[in-house]
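I opened this notebook to keep track of what I looked up in one structure. The entries follow the order in which I checked things.

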Amino acid sequence: MIVSGEVVRDLASTGVLRASINLGNPVLAQGTPDAPSGVTVDIAREVGARLGVPVEFVCFDAARKSFEALTSGQADICFLAVEPARESEVAFTAPYAVIEAVYVVPVDSPIGSPGDVDRPGVRVGVKRGSAYDLFLSRTLEHAEIVRGDEGVEVFRTDGLEVGAGIRQPMTAYAAADPGVRVIGEAFMQIKQAVGTSRQRRPETVRFLCDLVEELKASGFVADSLRRSGRLDATVAPAA
């Protein structure tokens, strides 16, 4: 893939590719702000290698902070779930990976499936600004959404009927607490993509889209997920 100088200057105008990484999603990013790892970090490094520029990681503990870093100009690319609420400001590639979001409930709860959640009197704890917060905010009609720094925390501290989150950490949480259980059926498929500012040139966005497709087809994404031990994420289908 030949990358033009215009694309390099457009995407890395400072001479460095600044990549916003959400360490709050353990499926896609692990490690520390000083030494992040995972599939998002691997993709960012590959983007930088194609551009011929070094990569600087700007790490956060929540998707909303990663989103704000991009939209405020602190980052050049981000790794977020594709959601309508974000698309007015973020130009997304097709997804590179898909992960699932599930509910947890008290072990004696009558709720047995995602369809049982959207009822009056049911309160759902979510991580503020997460993909599942945005999804549930536009799809739930009767249940109440309660937002906190972590969906599990507000579910536990406020004694809510339901908690929402990514399958892997929710499963780990339920395994450590005999008082809760996971609703096995996912309530949403979270499509993770690379994003950049809507102000970028069309050829810059096209470069990112083409690169993501190449990395999926070549096995790069699958290998990265395998090396990071995150087999609960699957490679997204070709666009």
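**Entry 1. The annotated domain**

I started with the record. The UniProt annotation, from an unreviewed entry, reads "domain: Solute-binding protein family 3/N-terminal" and covers residues 16–238. I noted that the model I am reading is predicted. Over residues 16–238 I found the chain to be 34% helix and 30% strand. The C-alpha atoms at the two ends of that stretch are 29 Å apart.

**Entry 2. Cysteines**

How many disulfides does a search of the whole structure find? I got zero. I reminded myself that a disulfide is a covalent bond between the sulfur atoms of two cysteines.

Next I asked why Cys59 has no such bond. The closest cysteine sulfur to that of Cys59 belongs to Cys78, and because it is 13 Å away, it is too far for a bond. The cut-off I used is 2.5 Å between the sulfur atoms. I then looked at Cys209, which is in no disulfide either. For Cys209 the nearest cysteine sulfur is again that of Cys78, at 13 Å. I also wrote down the accessibility of Cys209: it is partly exposed, at 24% relative accessibility.

**Entry 3. Aromatic rings**

I counted four aromatic pairs in the structure. I took one of them, Phe79 with Tyr96, and checked its geometry. The ring centres are 6.3 Å apart and the planes stand at 80 degrees, so I logged the pair as edge-to-face. The cut-off for that label is over 60 degrees.

Which parts of the chain does this pair tie together? Phe79 is in strand 5 (residues 77–81), while Tyr96 is in the loop between strand 6 (90–92) and strand 7 (97–106). The pair therefore links parts that are 17 residues apart in sequence.

Are the two residues buried or exposed? Phe79 is buried, with a relative accessible area of 4%. Tyr96 is buried as well, at 0%. I used under 20% as the limit for buried.

I also noted one aromatic cluster, formed by Tyr103, Phe135 and Phe187.

**Entry 4. Helix 2 and its partners**

I looked at how helix 2 (residues 39–51) packs against helix 8 (residues 202–217). The angle is about 120 degrees and the axes are 11 Å apart. Helix 2 and helix 8 are therefore oblique to each other. Their crossing is right-handed.

Then I turned to helix 9 (residues 220–227), which also packs with helix 2. Here the angle is about 140 degrees, with the axes 9 Å apart. That makes helix 2 oblique to helix 9. I recorded this crossing as right-handed too.

**Entry 5. Two single residues**

Where is Arg128 found? I located Arg128 in the loop between strand 8 (123–127) and helix 5 (131–139). Arg128 counts as partly exposed, at 34% relative accessibility. I measured nothing by hand here, but noted the computed C-alpha distance from Arg128 to Ala222, which is 29 Å. In sequence, Arg128 and Ala222 are 94 residues apart.

My last residue was Pro202, which lies in helix 8. Is Pro202 buried or exposed? Pro202 is exposed, because its relative accessible area is 60% and the limit is over 50%. From Pro202 to Ser109 the C-alpha separation is 50 Å, and the two are 93 residues apart along the chain.

Terms used: Residues are numbered from 1 along each chain as its sequence is written. This is a predicted model: local features need pLDDT of at least 70, side-chain atom pairs count only at pLDDT 80 or more; totals for chains, interfaces and linings use all residues. Side-chain values use heavy atoms; hydrogens and water are left out. Buried means under 20% relative accessible area, exposed over 50%, partly exposed in between (1.4 Å probe, protein chains only). UniProt positions are given in the numbering used here, feature names are shortened, and annotations may be inferred rather than shown by experiment. Helices (H or I, at least four residues) and strands (E, at least two) are DSSP runs, numbered from the N terminus. Rings of Phe, Tyr and Trp (its six-membered ring) pair if their centres lie within 6.5 Å; planes under 30 degrees apart count as stacked, over 60 as edge-to-face and the rest as tilted. Axes are lines fitted to C-alpha atoms, for helices over the stretch in contact, and angles run from 0 to 180 degrees between N-to-C directions. Angles under 35 degrees count as roughly parallel, over 145 as roughly antiparallel, 65 to 115 as roughly perpendicular and the rest as oblique. A crossing is left-handed if the near helix is turned anticlockwise from the far one by less than a right angle, and right-handed if clockwise.
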